[in-house]
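Please look at the sequence and the 3D structure shown below before reading on. The explanation that comes after them is meant to be followed with both in view.

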Amino acid sequence: MPLTEDDRWMRRALRLAGNSYATPNPMVGCVLVREGVVVGEGWTQPVGLAHAERVALDQAGEWAHGAVAYVTLEPCAHHGRTPPCADALIAAGVSRVVAAVVDSDPRVGGKGIERLRNAGITVTVGVQESAARLVNETFFHFNATGTPFTTLKTAMTLDGKIATRTRQSRWITGAAARRHVHLLRAKSGAVMVGIGTLLADDAQLTARLPDILLPRQPLRIIVDSRLRTPLDSQAVRIATAYPAEMPLLIATTDTADSDRANALQCEGVEIVRLPGTADGRVDLKALFALLASRQIISVLVEGGGELNAGLLAAGLAQKALFFVAPKIVGGVSAPTPVEGAGVETMAGAWQLERLTTRRFGNDIALEGYFLPQNKTV
C-alpha cells in the first residue's frame, strides 16, 4: 500500500523522536507543516525541559497558525514540569493535529485529543501507530505493567563466550557496536551489572561518546549481595566526583556488612538493603519494585551470566540484545551469557519472538522479545 502524505510526515516525526533522551518521559517528535512546507520541528528534551510540540512551535513562530501538527504521541493535557502541549497547539492556531498513538499515561489517555477537538481542531489518530509504539516500547510497557522494561544486553564470541577463561573481555565487539551501546545507556533509565562483572571489568557504567555531549546519564546499579564493590573502583570514584550527575546505587542484602556500607556511602554511593533469597542473593523482584517506585521505566542490563539467569528465572526480562563477534576463544570454563542451573529440557527454554538482525561493522546484533514461558512461538 502506498504511503499517504500523513504517513510520510509522521515518519519524519518518528525519526526526530529517536533523537530524544527524555526518560521517564516518552520520546516524542513533532513536525509542523503549512502548505506542504515544514515550518517547525523538534523532539522532546530531557526531563523538565520543552516537549516536542513546544520546540516545534517556538521554531515556527507565527507560521504555526493554520499548520498541520504531526506528533508521534497524543499531546499532553496535564500540568507536569511543563504546561500542557494541547493548550500550546490550540493557542498557536494549528488547523489539524495528526497523532500516531493515544498516550497510555492515565493523566492523558485521550484527554489531549478531546481538548483539541473541543477547540475546533481536526484530530486524526493512528497514523504509523505500530512504529510509534515501538519507539516508546519502554513507556507503554511501564504504564501497562507498572514495572521497568528490561533489556538483557551482552556481547559474545561466535562460540558463545562473554570473556576468556581468564575473564578478559576487552574488547569482544568493535567500535560501532560499542558506540551503539553507549547511546542505549543514555536513553535508559538505569544500567545494571552484577558484582562479578564489575570486578572483572572495573566498568564505569556511564554513557560516553567523544564526539557527542550526551544530555543525561542513567542511574548506575550494581547488584552486590556482600558489598564487595571496591572503594577505588571507577564506578565509585565517578559517584564521589559527580554524585548528582552520575549516581551509583548498590543493591545489597539486609545482612551485608554495615561498616562496608558506611564506607561506600561516605564516597557518595547509595546503598539499598533488600531481602535476600535462600541462597543469599539480592531479591531481584524487590529491586525492580523499588526501581518502579522511582519511575525508572527501563533498565539496560549488562551483567554476566549469573545476573542474566536470575532475571530470566524471575520473569523480569522483556528483551534480549546479543552482539555476536566473529571470534572464537574456546575454553570449557570461559563464561557464557546465561549461567545458573539452566533449564532441564529444550521445551523449557526461554524463547524469543520478533527476532531482528543488524550489522555493526563485523559484528551482528540479534534482538528479540521474550515470550512468557508458558507460550510457544
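The paragraphs that follow go through the sheets, the helices packed on them, and some of the ring contacts.

The model is a predicted one, and a good place to begin is the open sheet of five strands, whose order is 2-1-3-4-5 and whose pairing is mixed. At its edges stand strand 2 (37–43) and strand 5 (122–125), each of which pairs on one side only. From one strand to the next, the twist of this sheet averages 15 degrees.

Strand 1 (residues 29–34) deserves a careful look, and it is joined to strand 2 by six bridges in the antiparallel sense. Among the pairs of residues that face each other here, Leu32 has Gly40 of strand 2 as its bridge partner, while Gly29 has Trp43 of strand 2 as its partner. The two strands make a hairpin with two residues between them, and in the turn Glu35 has a positive phi of about 55 degrees. Strand 1 also pairs with strand 3, again in the antiparallel sense, over four bridges, and one bridge partner in strand 3 is Tyr70, which is matched with Val31. Is strand 1 largely enclosed by the rest of the structure, or is it left open? Five of its six residues are buried, so strand 1 is largely enclosed.

Two helices can be followed on this five-stranded sheet. Helix 1 (residues 5–17) packs on the sheet and touches strand 1, strand 2, strand 3 (68–71) and strand 4 (96–99), with a direction that makes about 140 degrees with that of strand 1. Helix 4 (residues 111–118) also packs on the sheet, where it touches strand 4 and strand 5, and its direction makes about 150 degrees with that of strand 5.

The other sheet to trace is an open one of nine strands with mixed pairing, in the order 10-9-8-7-11-6-12-14-13. Strand 10 (270–274) and strand 13 stand at its edges with a single partner strand each, so one side of each has no neighbour in the sheet. The twist from one strand to the next averages 20 degrees in this sheet. Within it, strand 6 (residues 149–157) and strand 11 (residues 298–301) run parallel and are joined by four bridges, and Phe149 stands opposite Ser298 of strand 11. Helix 9 (residues 234–241) packs on this sheet by touching strand 8 (219–223) and strand 9 (248–253), and its direction makes about 140 degrees with that of strand 8.

The side chains add a further layer to the picture, beginning with the aromatic rings, for which the count comes to two aromatic pairs. Phe139 and Phe140 form an edge-to-face pair, with 5.7 Å from centre to centre and 75 degrees between the planes. Phe139 is buried, with a relative accessible area of 6%, and Phe140 is buried as well, with a relative accessible area of 11%. The rings of Phe323 and Phe360 have centres 5.6 Å apart and planes at 65 degrees, so this pair is edge-to-face too. Phe323 belongs to strand 12 (residues 319–325) and Phe360 to strand 13 (residues 352–360), so their pairing ties together parts that are 37 residues apart in sequence. Both Phe323 and Phe360 are buried.

Charged side chains also meet rings in this model. The charged end of Arg133 sits over the ring of Phe140, at 4.8 Å from its centre, and Lys187 lies over the face of Tyr21, at 4.0 Å from the ring centre.

Note on methods
Residues numbered from 1 in each chain as written. Predicted model: local features only at pLDDT ≥ 70, side-chain atom pairs only at ≥ 80, totals over all residues. Heavy atoms only, no water. Phe/Tyr/Trp six-rings, centres within 6.5 Å; stacked < 30°, edge-to-face > 60°. Buried < 20%, exposed > 50% of the residue type's maximum accessible area, 1.4 Å probe, protein only. Lys NZ or Arg CZ within 6 Å of the ring centre and 35° of its normal. Pairing = 2+ DSSP bridges. Axes fitted to C-alpha atoms, helices over the stretch in contact; angles between N-to-C directions. Contact = heavy atoms within 4.5 Å.
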